[in-house]
Amino acid sequence: MAARINTVVADLRNGLGAIKLRPDVKKVTLMFSRRSDNAGARYFLRENMPRIQYNNPLIQFEVQKVQQPGVSPELTIEFANNDIKKISCSRIQSSEICKQFLSATTEGSAPSSA
């Protein structure tokens with residue numbers, strides 16, 4: 001049991017998404033449906049978002065699984081100055097979603113502007 005816990009914690013501390021975000025990131029919202037073009041968003045939720053959450057416990061994370069058809073998957077980042085950055089997640093892999101997210105939210109990236 002302890003070995004399994006150590007493995008889970010090690011996975012949360014390492015890998016794509018295991019990084020501290022800029023201090024002005026306030027909230028992250030992932031919206032997607034069960035459609036096939038939303039697969040990257042679903043994998044991002046399962047593979048990358050837990051690492052991001054673990055390493056950034058003060059940031060609010062929200063997941064919206066919508067039922068209606070025609071909704072494009074999207075990752076929305078809200079900053080402390082109320083600026084918003086949206087990343088389209090339609091038909092792209094979870095690793096690319098994560099790279100775009102980290103590009104917008106880590107130290108060294110420019111502060112968001114409207």
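Which residues does valine 28 touch, not counting residues up to four places away in sequence? The views below start from the whole chain and return to this residue.

**Figure 1. Overview of the predicted model.** This is a predicted model, in which local features need pLDDT of at least 70, side-chain atom pairs count only at pLDDT 80 or more, and totals for chains, interfaces and linings use all residues. Residues are numbered from 1 along each chain as its sequence is written, and side-chain values use heavy atoms, with hydrogens and water left out. The protein has three helices and four strands (DSSP runs, H or I of at least four residues and E of at least two, numbered from the N terminus). Their order along the sequence is α-β-α-β-β-β-α. Of the 114 residues, 39% are buried (under 20% relative accessible area, 1.4 Å probe, protein chains only; exposed is over 50%, partly exposed in between).

**Figure 2. Valine 28 and the largest nonpolar core.** Valine 28 touches Met49, Ile59, Gln60, Phe61, Glu62, Leu75, Thr76 and Phe101, leaving aside residues up to four places away in sequence. Contact means heavy atoms within 4.5 Å. The largest nonpolar core has 21 residues; Val28, Leu30, Phe44, Leu75 and Phe101 touch the most other members. Such a core is a set of buried Ala, Val, Leu, Ile, Met, Phe, Trp, Tyr and Cys residues joined through side-chain atoms within 4.5 Å. At least two core residues come from each of β1 (25–32), α2, β3 (74–79) and α3 (94–105). α3 supplies the largest share, five residues.

**Figure 3. The aromatic pair.** The structure holds one aromatic pair. Phenylalanine 44 and phenylalanine 101 meet edge-to-face, 6.3 Å centre to centre, with 65 degrees between the planes. Rings of Phe, Tyr and Trp (its six-membered ring) pair if their centres lie within 6.5 Å; planes under 30 degrees apart are stacked, over 60 edge-to-face, the rest tilted. The partners sit in helix α2 and helix α3, 57 residues apart. Both are buried.

**Figure 4. Helix α2 and its bend.** Helix α2 covers residues 39–55, and its end C-alpha atoms are 24 Å apart, which agrees with the 24 Å expected for 17 residues at 1.5 Å a residue. The expected span is 1.5 Å times one less than the number of residues. α2 bends by about 45 degrees at asparagine 48, and proline 50 follows within four residues. The bend is the angle between axes fitted to the seven residues ending there and the seven starting there. Buried residues of α2 include Gly40, Ala41, Asn48 and Arg51.

**Figure 5. The β3–β4 hairpin.** β3 and strand β4 (residues 84–88) pair in the antiparallel sense over five bridges; pairing requires at least two DSSP bridges. Leucine 75 has isoleucine 87 of β4 as its bridge partner. Four residues lie between the strands, and asparagine 82 takes a positive phi near 70 degrees.
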